[in-house]
Amino acid sequence: MKGLGGAVLVFLLLNLTITCHGQLRSGFYLGKCKGGNQYFNVEALIRGVVQEEFSKLPNGPTMAAALLRLQFHDCFVTGCDASLLLDGPSSEKTAFPNLSVRGYDVIDKAKAALEKACPGVVSCSDIIAVATRDAVVLSKGLSYRVQTGRRDGFDSKKDNVNLPSPFISVKDSIAAFAAKGLNKKEMVLLLAAHTVGITHCALIRNRLYNFRNNGTRDPTMDPTLFQFLSKKCPKSDTTLGGEIALDQTPNSINVVDNGFLKQVKARKGILEIDQGLGLDPLTAEIVRSYADGPLSQKFRYDFGAAMIKLGGVGVLTGKNGEIRRTCNAVNNPKPLQPKPAGPTPVQPKPAGPTPKPAGLPSLGL
Ligand code: HEM
């Protein structure tokens, strides 16, 4: 009995640690989305849109990759406030690391469905968190209880975008995650989101031909991986180049599992930071443990817990922020150039569907 009581207590404590971040809670929208005489299940509505897009679009199965990256890029810059979704000539979307972010259209579609059901109730930042979880599940990941109650931010500035580069050292990456309240283990688990999706040759060419400016390849890279990558990404090419799966496990590019960590352990990490996780003594043991060690069976559960923690970074709750009507514009945009007197000030364009940012070629979705 004592043992059982202890187990229940541990379970409750564990549950608490993963269910309370700020004022977020699971089930925040229960009973809040009422249209006419009907109550709608907010999370079910979002799931419906995600499932439809997943099965309808040719690149639907890449949705987990799109949304995981979108959530990370939103949460790491001024918190999980959907600031990444705002349009504007110098908004976050226009910053270099965001030019290849995708998945805005899925969030817009879910928002449109929710505004139809119960206008002005569900935030865009909550839609990001819920839709990402749903896409993870469709990619064979384990479900996790997303917490909701976020509100949307007002500001989105390119200059605020200070995301880690693929060449960051493990030590500096640990510091960047610690600044957001995420520990070393959570960092490894979150980077294991690279179990889905792709990168481009331009971001790994230095590892192939001029590692740390020494004119040769990264000696830590597995030789068969080097053979493969050097064919796909020739030295003479100076363009963005082809797409390379971040997880080299065969047929696993759209599967959320610990395959990426196994590859990193086998020196088949693609980005410099990915391989760094497996080599640096600061993180190597965590990689080993989740790849095929004692924690490997827990990977999918712990990944979900780390995603819940990421979703709690810098959130706006209560009376802060707002519930946007459309995800790409604040409800009451400020005039672009307020004039002291004279004709009507120039107003930003009314909200419409999110245009794709110019720059890198669209990666679809
Ligand atoms: C030190 C931290 C990180 C760095 C330096 C980093 C860097 C990158 C880079 C360079 C790419 C390829 C972009 C391109 O070629 O267009 C990428 C892709 C991706 N990243 Fe990260 N990342 C980090 C952490 C994360 C985290 C925490 C997540 C999610 C929780 C994440 C999810 C993804 C996903 C899913 C893709 C594939 C996107 C797609 O296929 O469209 N990354 N990352």
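In this predicted model, a good place to start is Ile46, which touches Ala110, Ile127, Val130, Ala131 and Asp134 when residues up to four places away in sequence are left out of the count. Ile46 also belongs to the largest nonpolar core, a set of 84 residues. Within that core, Ile46 is one of the residues that touch the most other members, along with Ala64, Leu67, Ile107, Ile127, Ala131 and Ala135.

From Ile46, the view widens to two helices. Helix H2 spans residues 42–56 and helix H5 spans residues 124–138; the two pack with their axes 9 Å apart, at an angle of about 50 degrees. H2 is therefore oblique to H5. The crossing that H2 and H5 form is right-handed.

Which residues in H2 and H5 meet? On the H2 side they are Glu43, Ile46, Arg47, Val50, Gln51 and Phe54, and on the H5 side Ile127, Val130, Ala131, Asp134, Ala135 and Leu138. Sorted by class, this contact of H2 with H5 has 8 nonpolar residues, 1 polar residue and 3 charged residues. Ile127, Ala131 and Ala135, met here on H5, are also among the core residues that touch the most other members.

Finally, the chain as a whole can be considered. Its secondary structure comprises 13 helices and 4 strands. The chain has 365 residues, of which 42% count as buried. Taking contacts between residues at least 6 apart in sequence, 76% join residues at least 24 apart.

Note on methods: Residues numbered from 1 in each chain as written. Predicted model: local features only at pLDDT ≥ 70, side-chain atom pairs only at ≥ 80, totals over all residues. Axes fitted to C-alpha atoms, helices over the stretch in contact; angles between N-to-C directions. Parallel < 35°, antiparallel > 145°, perpendicular 65-115°, else oblique. Left-handed = near helix turned anticlockwise from the far one by under 90°. Contact = placed C-beta atoms within 7 Å. Nonpolar A, V, L, I, M, F, W, Y, C, P; charged D, E, K, R; others polar. Core = buried A, V, L, I, M, F, W, Y, C linked by C-beta atoms within 7 Å. Buried ≥ 20, exposed ≤ 12 C-beta atoms within 10 Å, placed from the backbone.
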